[in-house]
Amino acid sequence: MSNYQYIFTEIDDAVGKIILNRPEVLNALNRPMITELVNALETFNKNENIKVILLTANGRSFAAGADIKEMKEDDPIYLEKLDQFAEWDRMSLIKKPIIAAVQGYAVGGGFELVLSCDIVFAAENAKFGFPEVNLGVMPGAGGTVKLTKTIGPRKALEWLWTGEYFDAKKAYEYGLVNQVLPVEVLFDEAMAFAKKVATQPPLSIRLIKDTVTKAVDLSIYESMQYERKNFYLLFATDDQKEGMQAFVEKRQPIFKGK
Ligand code: CAA
């Protein structure tokens, strides 16, 4: 358990769980909550015993976006000085896998949070979208960029301009979520997946994430050069020796993350 005000953290074997916990406002993401979330991610990132991070939420929804009541009176100079999205940038530096289990609304900043995760399990009742346009603004934590990169500009504009929500099935069709599950099994399935990834050699998992993240931004040539370096680097690990020796000896490998 933890000392946070707006989230809980728990450790289950090698999985660090972070649970958004403002269910009375559908986990609206106020700024202290984002700071707590990033601090928890960084704490798990540094903890050698944690191999995978699972992000979930209490209540009927994952997160209904940034806290509208908190930002209602903001002005541009205040926002520039506050630089709140620098906190979101810290999320992109987390090296361990982040898996999200999403039920109910994941909209606005809640959807941006989903788009910041590596793997997404969605409940059948999940709803995604960017309603910021209905408030006279637009996404500010990477939503326009990440949605466009994932589904292309036409579909992205359709959703960003209308502010409409789309369901889990549609999100799956567009490659925004990995699996759609009945809400009753969502958390168990996401945890089972997290535990499975946690048994894999951690340095491979880490460098695969690093390389895939680079591949989204860099050219094919540059990302292939980057991939190669990470491939070579893994030959410096004990786990590479163990994995290949175990194959030759026809036994299960025992990975140590070294
Ligand atoms: N900020 C603050 N409070 C919020 C909130 C938000 N984003 N979303 C919901 N709440 C509060 C509601 O005010 C309500 O509180 P009260 O009981 O005190 O009235 C409570 O949570 C429950 O919400 P609803 O009664 O509205 O629940 P619903 O099921 O009828 O509707 C919903 C759900 C359609 C998601 C609706 O709550 C809604 O439209 N929320 C706002 C969504 C939104 O516009 N998000 C974008 C925010 S801007 C942003 O995220 C910018 C960015 O890029 C970082």
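## Sheets, helix packing and ligand contacts

Strand β1 (residues 7–12) and strand β2 (residues 15–20) run antiparallel and are joined by six bridges. The model described here is predicted. Within this pair, I7 has L20 in β2 as its bridge partner. Two residues lie between the strands of the β1 and β2 hairpin, and D13 takes a positive phi near 55 degrees there.

The hairpin belongs to an open sheet of six strands, ordered β1-β2-β3-β4-β6-β9, in which the pairing is mixed. Its edge strands are β1 and β9 (179–181), each of which pairs on one side only. From one strand to the next, the twist averages 20 degrees. Strand β3 (residues 52–57) and strand β4 (residues 98–102) contribute a parallel pairing over three bridges, and in this pairing L55 stands opposite A100 in β4. Helix α1 (residues 31–46) packs on the sheet and touches β1, β2, β3 and β4. The direction of α1 makes about 15 degrees with that of β1. Helix α9 (residues 183–198) lies across β1, β2, β3, β4, β6 (119–123) and β9. Relative to β6, helix α9 runs at about 160 degrees.

A second open sheet consists of three strands in the order β5-β7-β8, again with mixed pairing. Strands β5 (105–107) and β8 (166–167) stand at its edges with a single partner strand each, so one side of each has no neighbour in the sheet. Strand β7 (residues 127–129) pairs with β8 in the antiparallel sense over two bridges. One of the residues involved is F128, whose bridge partner in β8 is F166. As a general point, strands of a sheet pair through backbone hydrogen bonds, either parallel or antiparallel.

The helix pair of α10 (residues 202–217) and α11 (residues 220–234) has axes that come within 9 Å and cross at roughly 170 degrees. The two helices are therefore roughly antiparallel to each other, since angles over 145 degrees count as such. On the α10 side, the contact comprises L203, S204, L207, D210, T211, K214 and A215. These residues meet S223, Y226, E227, N230, L233 and L234 in α11. By class, the residues of the contact of α10 with α11 divide into six nonpolar, four polar and three charged.

The ligand is surrounded by 22 residues, of which the closest are R60, A66, I68, G109 and E112. Polar contacts of ligand oxygen atoms are listed below, including two with side chains and one with the backbone.

| Residue | Protein atom | Distance to a ligand oxygen atom |
|---|---|---|
| R60 | N or O atom in the side chain | 2.8 Å |
| K69 | N or O atom in the side chain | 3.1 Å |
| G109 | polar backbone atom | 2.8 Å |

R60 and G109 thus appear both in the table and among the closest residues around the ligand.

Notes. Residues are numbered from 1 along each chain as its sequence is written. This is a predicted model: local features need pLDDT of at least 70, side-chain atom pairs count only at pLDDT 80 or more; totals for chains, interfaces and linings use all residues. Side-chain values use heavy atoms; hydrogens and water are left out. Two strands pair if DSSP finds at least two bridges between them. Helices (H or I, at least four residues) and strands (E, at least two) are DSSP runs, numbered from the N terminus. Axes are lines fitted to C-alpha atoms, for helices over the stretch in contact, and angles run from 0 to 180 degrees between N-to-C directions. Angles under 35 degrees count as roughly parallel, over 145 as roughly antiparallel, 65 to 115 as roughly perpendicular and the rest as oblique. Contact means heavy atoms within 4.5 Å. Ala, Val, Leu, Ile, Met, Phe, Trp, Tyr, Cys and Pro count as nonpolar, Asp, Glu, Lys and Arg as charged, and the others, Gly among them, as polar. A residue is near a molecule or strand if one of its heavy atoms lies within 4 Å of it. A polar contact is a pair of N or O atoms within 3.5 Å; within protein, one must be able to donate a hydrogen and the other to accept it, and residues adjacent in sequence count only if both atoms are side-chain atoms.
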